[in-house]
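Got the viewer open? Here is a short tour, with a selection to make at each stop.

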Amino acid sequence: MSRPSQPKLAQSRSLQPSAKLSPAQTTALSAAALMTAGVLVARLRPAATAGDLRDAALRLLNVGLPSRRRFAIELWDGTTLPATAGEDARLRLNSPKTLGRMLRLPLDVALGEAYIRGDFDIEGDFSAVVELADTFDAAPDWKAVPGLLRDYERLRRGAGAPPPAPKASLEGETHSRERDKAAVQHHYDVSNDFYKLWLDSRMVYSCGYFPGGDETLDEAQAAKLELICRKLRLQPGEKLLDIGCGWGGLAIYAAQHYGVSVTGVTLSEAQLQEGKARVTAAGLDHLVSLELRDYRDVQGPFDKISSIGMAEHVGRKNMAEYFATAQRVLKPGGLMLNHAIASGLGQAKVSNLLQSGNFARRYVFPDGELLPIWETQKFAEEALFEVRDVENLREHYAQTTRHWARNLEAHETAALEFLGEERYRLWRIYLNACVYYFSAGHLSIFQTLLAKPDEQRRVALPPSRADLYR
């Protein structure tokens, strides 16, 4: 799986002089005003007491929280603002400094960093809190804005400078070969044993497939691998290139069940070592070869190509080269299955002025970039691929990430040993947030079947795809 940045939020509508302010407009203008006026008056006030910070926090929360919310908020002193639609989660602010740190701009980065540091905790259903961006409906009267700005500034000053959170530090030009390798290793070379805690037994780190809805994670990943092989119409003796082969799950499955010869490439040394050991244990060294290789250096020809959860690392800058490389090494009449996360529907209740969409890119998937599906298809067609089939599996990814999050939490003690407190919290909020983003459609996941027609513009596909879902 690649993951990447959080989705960009929808732009707020232009402001008319006599129009009633929308929640997004009010919040954005308030934040802008704070940047200019708030700082000027900050030096004139004495330092706030813990009681002052509590009162300021309560005033802001009472105005800013959605009128309908499934979570309660508990302040550091036990003061609680109850949920208004049944309590499915509880947001605990652990310090008088917490809210001031959470409300810095951009909000998505500030909130994520605050959670990583332990400034706040979430008990219960994370989605009940994450959906705040969609349920936000605060629209304070203009007369209340000056007081809210003073409370905001009081909390910001009381928070002080937050300590840094652990983020990726990469050098060089974005999506250069060296930097791409460093970015992949930052994410995947954490620890093979860490990933074993919460992935399925095959260590398939991409969206599972739940055709019946109640499959186990292992069953869903096996069903996904089978679906990929069917879509590619694999035949015994064919040569399959698996770009971004991970720990070898698809390569091993395709060789075992379809008798194909597989070349898998990855930039992660940890994945390569584990993958090779799994290939040997399966007795498939004669059919499966895994290599530490950049996809741009692959030589063909191949009958079929799979790329599962890898395109998110390519970036818009290199997407043309990515598809051109695949087109070059694929035989005429061959097929490519591109399985990748895409940007989805925007969140209309929060302005783009308040968030960056860069939290995941900074802390989880450095340099990861999500393209809308139409743009990915455009790059594929410009490389002379023909789009033959597109399937959106986003509900399946919501279910997959829910399994992953629960598995991670069930193995918290072991995960803490591998990662430490801050990085464990990073993975916990990331996986749980993904559950909501895929459920709500802010992220999508597409399987696109691409064809390279032969000289007579033919592709060996049956007239119906009914056999894929038998």
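**Start with a cysteine**

Select Cys 245: with 6% relative accessibility, this residue counts as buried, meaning under 20% relative accessible area (over 50% is exposed, anything in between partly exposed; 1.4 Å probe, protein chains only). Cys 207 is buried too, at 0%. Don't go hunting for disulfides, though: there are zero in the structure, going by cysteine sulfur atoms within 2.5 Å.

Before moving on, a word on what you're looking at. This is a predicted model, where local features need pLDDT of at least 70 and side-chain atom pairs count only at pLDDT 80 or more, while totals for chains, interfaces and linings use all residues. Residues are numbered from 1 along each chain as its sequence is written, and side-chain values use heavy atoms, with hydrogens and water left out.

**Zoom out**

Now show the whole chain as a cartoon. You should find 18 helices and 11 strands; these are DSSP runs numbered from the N terminus, with at least four residues for a helix (H or I) and at least two for a strand (E). Of the 470 residues, 55% count as buried. Colour by surface if you like: the accessible area is about 20000 Å², and carbon and sulfur atoms hold 52% of that, by the Shrake-Rupley method with a 1.4 Å probe, where for residues only the protein chains shown count as cover.

**Into the core**

Next, select Phe 194, Tyr 195, Trp 198, Tyr 205 and Trp 427. In the largest nonpolar core, which has 43 residues, these five touch the most other members. A core here is a set of buried Ala, Val, Leu, Ile, Met, Phe, Trp, Tyr and Cys residues joined through side-chain atoms within 4.5 Å. Which element gives the largest share of this core? That's helix 18, with 10 residues. Highlight 421-439 to see helix 18; among the other elements giving two or more residues are helix 9 (192-198), helix 16 (394-410) and strand 11 (443-451). Apart from this core lies another, of 28 residues; pick out Leu 225, Tyr 258, Leu 272 and Leu 337, which are among them.

**A four-stranded sheet**

Select strands 1 to 4. They make an open sheet in the order 2-1-3-4, with mixed pairing; two strands pair if DSSP finds at least two bridges between them. At the edges sit strand 2 (80-81) and strand 4 (120-124), each pairing on one side only. Strand 1 (71-74) and strand 3 (89-93) run parallel and are joined by four bridges. Click Ala 72 and you'll find its bridge partner in strand 3, Arg 90.

**Follow the charges**

Stay with Arg 90: this residue belongs to a salt-bridge network with Glu 74, Glu 87, Arg 92 and Glu 123. A salt bridge means a side-chain nitrogen of Lys or Arg within 4 Å of a carboxyl oxygen of Asp or Glu, and the structure holds 34.

Now go to Asp 119. Its side chain meets Arg 117 at 2.9 Å, N to O, and Arg 101 at 3.0 Å. Asp 119 sits in the loop between helix 4 and strand 4 and Arg 101 in helix 3, so the latter pair ties together parts 18 residues apart in sequence. Asp 119 and Arg 101 are both buried, and so is Arg 117.

Last stop: Arg 59 and Asp 151, in a salt bridge of 2.8 Å, N to O. Arg 59 is in helix 2 and Asp 151 in helix 7, 92 residues apart. Is each partner buried or exposed? Arg 59 is partly exposed at 42%, whereas Asp 151 is buried at 4%.
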